[in-house]
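Colleague: I am new to this structure. Please take me through one part closely, the smaller of my worries being the overall fold and the greater being how the sheets are put together.

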Amino acid sequence: MPDLEVINLCFQDRGPYSFRIDGGECVGLQGASGAGKSLLLRAIVDLDPRTGKLRLGGIDADRVPAPQWRRLVGLLPAESGWWLDRVGEHFADFRSVDDAILAAVGFDRSVGNWQVSRLSTGERQRLAIVRLLANGPQCLLLDEPTASLDPGSVANVEALLLNHCGARQASLLWVSHDPDQLARVSRRRLIMERGGRLVDAGAPADAR
Ligand SMILES: Nc1ncnc2c1ncn2[C@@H]1O[C@H](COP(=O)(O)OP(=O)(O)OP(=O)(O)O)[C@@H](O)[C@H]1O
């Protein structure tokens, strides 16, 4: 089971952070703007220097080459990066992308030929989720994954990500400013306070 274990994680002047997300579990992360939620996700995906232990399915991140760790632990940043002309060029092999995943977020295979420069903000966001799932990650770190989407797309993306979580028994950490969304997608919630302290608040419904 790809359980994510974060043990005494410290980076910059932040931490130590310790928590665990079981395989097949989605945990919500909320907190004030600027509290450091995005920095925590980046530290877990190992983009910045850090100390402490990170394990996925019992395997220590320090024993896995960094590119492999970043395939296992997929980060969806708040703003996705697109640097080539066409959508399909941003995938290792766009032909292998699952039609069902494309359809779940409102696209068909022709989107591979679309010009990135003409994508709307919401289209970029939905395609960033397709790109994330195409790598088959065992752990997903989601930074406000539905921030720029209409209500119908929000429902589709929530269903798609939770299906991935259930089908792959992936562990999910879902950042959102919307407590209603966190109540829908997660049974447990972490709260990052200003200054960066992390509190385990249990189930969102219990906290109301
Ligand atoms: N690469 C970085 N190195 C150092 N500090 C950073 C870096 N990126 C952001 N910061 C600062 O760290 C603090 C936390 O930023 P972060 O983006 O993690 O907040 P957040 O909780 O995700 O906020 P929001 O909800 O607005 O997205 C902010 O004061 C920010 O300016």
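Modeller: What follows is a close look at the sheets, then at the parts set around them.

This is a predicted model. The protein has seven helices and 10 strands. The radius of gyration is 17 Å, close to the 17 Å that the globule rule gives for 208 residues, so the protein is as compact as a globular protein of that length. Its C-alpha atoms fill a box of roughly 45 × 40 × 30 Å along the principal axes.

Take the four-stranded sheet to begin with. It is open, and its order is β2-β1-β4-β5. The pairing is antiparallel. Which strands stand at the edges? They are β2, residues 14–21, and β5, residues 59–60. Each has a single partner strand, so one side of each is left without a neighbour in the sheet.

Now go along the pairs. β1 and β2 run antiparallel and are joined by five bridges. V6 has F19 in β2 as its bridge partner. These two strands form a hairpin, with two residues between them. Q12 sits in the loop between β1 and β2. Its phi is near 45°, a positive value in a residue other than glycine. Strand β2 has a special peptide bond too. The bond from G15 to P16 is cis, with omega near 5°. P16 lies in strand β2.

At the other end of the order, β4 covers residues 51–56 and is joined to β5 by two bridges. This pair is antiparallel. R55 stands opposite D60 in β5.

A helix lies across this sheet. Helix α1 lies across β1, β2 and β4. It runs at about 110° to β1, which spans residues 4–11.

Helix α1 also leads to the ligand. It spans residues 37–44 and gives the most to the shell around the ligand, with three residues. The surrounding residues are G31, S33, G34, A35, G36, K37, S38, L39 and A78. By class, the shell has three nonpolar, five polar and one charged residues.

Next comes the six-stranded sheet. It is open as well, with the order β6-β7-β8-β3-β9-β10. Here the pairing is mixed. The edge strands are β6, residues 73–76, and β10, residues 198–202. Each of them has a single partner strand, so one side of each is left without a neighbour in the sheet. From one strand to the next, the twist averages 20°.

One pair in this sheet deserves a look. Strand β3, residues 26–31, pairs with strand β9, residues 188–192. They pair in the parallel sense, over five bridges. Q30 stands opposite I191 in β9. G31, one of the residues around the ligand, falls within the span of β3.

Last, a pair of helices. Helix α4 covers residues 121–134 and helix α5 covers residues 151–168. Their axes come within 12 Å and cross at roughly 10°. How do α4 and α5 lie relative to each other, roughly parallel or roughly perpendicular? An angle under 35 degrees counts as roughly parallel, and α4 and α5 are therefore roughly parallel to each other. From α4, the contact uses G122, R126, I129 and L133. From α5, it uses S153, V157, L160 and H164. By class, this contact has four nonpolar, three polar and one charged residues.

Conventions. Residues are numbered from 1 along each chain as its sequence is written. This is a predicted model: local features need pLDDT of at least 70, side-chain atom pairs count only at pLDDT 80 or more; totals for chains, interfaces and linings use all residues. A residue is near a molecule or strand if its C-beta atom, placed from the backbone, lies within 6 Å of it. Ala, Val, Leu, Ile, Met, Phe, Trp, Tyr, Cys and Pro count as nonpolar, Asp, Glu, Lys and Arg as charged, and the others, Gly among them, as polar. Two strands pair if DSSP finds at least two bridges between them. Two residues are in contact if their C-beta atoms, placed from the backbone, lie within 7 Å. Axes are lines fitted to C-alpha atoms, for helices over the stretch in contact, and angles run from 0 to 180 degrees between N-to-C directions. Angles under 35 degrees count as roughly parallel, over 145 as roughly antiparallel, 65 to 115 as roughly perpendicular and the rest as oblique. The radius of gyration is taken over C-alpha atoms; the globule rule is 2.2 Å times the number of residues to the power 0.38.
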